[in-house]
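The questions below ask how certain descriptive words come to be applied to a model, and each answer sets a value against a cut-off before it concludes.

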Amino acid sequence: MTSNTFDTCTESRLPVTALSRSRNEGREISNSIRILAVDQLPEGYNLTLLDDQAAFIESAILNLRNAAMMGGFLSILVLFLFLRDVRSTLIIGLSIPVSIILSLAPLYVLGVSLNLMSLGGLALGVGMLVDNA
């Protein structure tokens with residue numbers, strides 16, 4: 001049996017699951033499956049997409065980015081209200097994103113995923129940074 005031979009029975013249904021193992025593969029796999037459904041299926045076959053987690057993940061990342069920006073802005077505003085000094089507020093406001101970037105760089109290099117524990121640790125570290133400032 002060669003790779004170009006297909007079963008011509010239109011009644012059978014085979015569930016197919018595509019799993020992503022790297023950071024950027026999710027959307028690429030989803031798009032590849034959509035292209036496969038349109039272009040490369042033989043006559044009489046139909047591919048139905050039941051669930052696309054890539055759209056949910058992209059939405060969650062966008063919401064996380066927006067919440068982080070809003071949280072950063074509000075924390076700088078609260079710091080300014082308590083300190084009443086622009087210079088001190090700017091120093092602390094700049095140290096927060098720098099410390100997060102310097103914390104995420106080794107995690108990325110070592111291949112550590114951003115799960116609940118690592119994000120909780122980063123949030124705790126940022127809180128300690130603001131308290132000690």
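Q: Which residues is Thr89 in contact with, leaving aside its neighbours within four places in sequence?
A: In this predicted model, Thr89 is in contact with Ile76, Leu79, Phe80 and Leu83 once its neighbours within four places in sequence are left aside, and contact here stands for heavy atoms within 4.5 Å. Thr89 itself lies in helix 3.

Q: How do you know whether Thr89 is buried or exposed?
A: The relative accessible area of Thr89 is 5%, and the word buried is used for values under 20%, so Thr89 is called buried. Of the 133 residues of the chain, 10% count as buried.

Q: What is the order of elements along the chain from the N terminus on?
A: The order from the N terminus on is α-α-α-α, which agrees with a count of four helices and zero strands.

Q: Why is helix 2 called roughly antiparallel to helix 3?
A: Helix 2, residues 53-83, and helix 3, residues 86-110, pack at an angle of about 150 degrees, with their axes 9 Å apart. Angles over 145 degrees count as roughly antiparallel, and therefore helix 2 is described as roughly antiparallel to helix 3. The crossing of these two helices, helix 2 and helix 3, is right-handed.

Q: Which residues of helix 2 and helix 3 meet, and what classes do they belong to?
A: On the side of helix 2 the residues are Ser75, Ile76, Leu79, Phe80 and Leu83, and on the side of helix 3 they are Val86, Ser88, Thr89, Ile92, Gly93 and Ile96. Sorted by class, the contact of helix 2 with helix 3 has seven nonpolar, four polar and no charged residues.

Q: What makes helix 3 roughly antiparallel to helix 4?
A: Helix 3 and helix 4, the latter spanning residues 116-132, pack at an angle of about 150 degrees, with their axes 10 Å apart. Since the term roughly antiparallel is reserved for angles over 145 degrees, helix 3 is roughly antiparallel to helix 4. The contact is made by Ser95, Ile96, Ser99, Ile100, Ser103, Leu104 and Leu107 of helix 3, together with Leu122, Val126, Leu129 and Val130 of helix 4. By class, the contact of helix 3 with helix 4 has eight nonpolar, three polar and no charged residues, and the crossing of helix 3 and helix 4 is right-handed.

Q: Why is Asn132 called exposed?
A: Asn132, which is found in helix 4, has a relative accessible area of 67%, and because exposed means over 50%, the word applies to Asn132. The C-alpha atoms of Asn132 and Ile92, which are 40 residues apart along the chain, are separated by 10.0 Å.

Q: What is notable about phi of Arg84, and where is the place of this residue?
A: Phi of Arg84 is near 55 degrees, a positive value in a residue other than glycine, and Arg84 has its place in the loop between helix 2 and helix 3. Most residues other than glycine have a negative phi.

Q: How do you know that Arg84 is exposed?
A: The relative accessible area of Arg84 is 71%, and the cut-off for exposed is over 50%, so Arg84 is counted as exposed.

Q: How much of the accessible surface of the chain belongs to carbon and sulfur atoms?
A: The accessible surface of the chain comes to about 11400 Å², and 65% of that surface belongs to carbon and sulfur atoms.

Methods: Residues numbered from 1 in each chain as written. Predicted model: local features only at pLDDT ≥ 70, side-chain atom pairs only at ≥ 80, totals over all residues. Heavy atoms only, no water. Buried < 20%, exposed > 50% of the residue type's maximum accessible area, 1.4 Å probe, protein only. Areas by Shrake-Rupley, 256 points an atom, 1.4 Å probe, with all protein chains shown as cover. Axes fitted to C-alpha atoms, helices over the stretch in contact; angles between N-to-C directions. Parallel < 35°, antiparallel > 145°, perpendicular 65-115°, else oblique. Left-handed = near helix turned anticlockwise from the far one by under 90°. Nonpolar A, V, L, I, M, F, W, Y, C, P; charged D, E, K, R; others polar.
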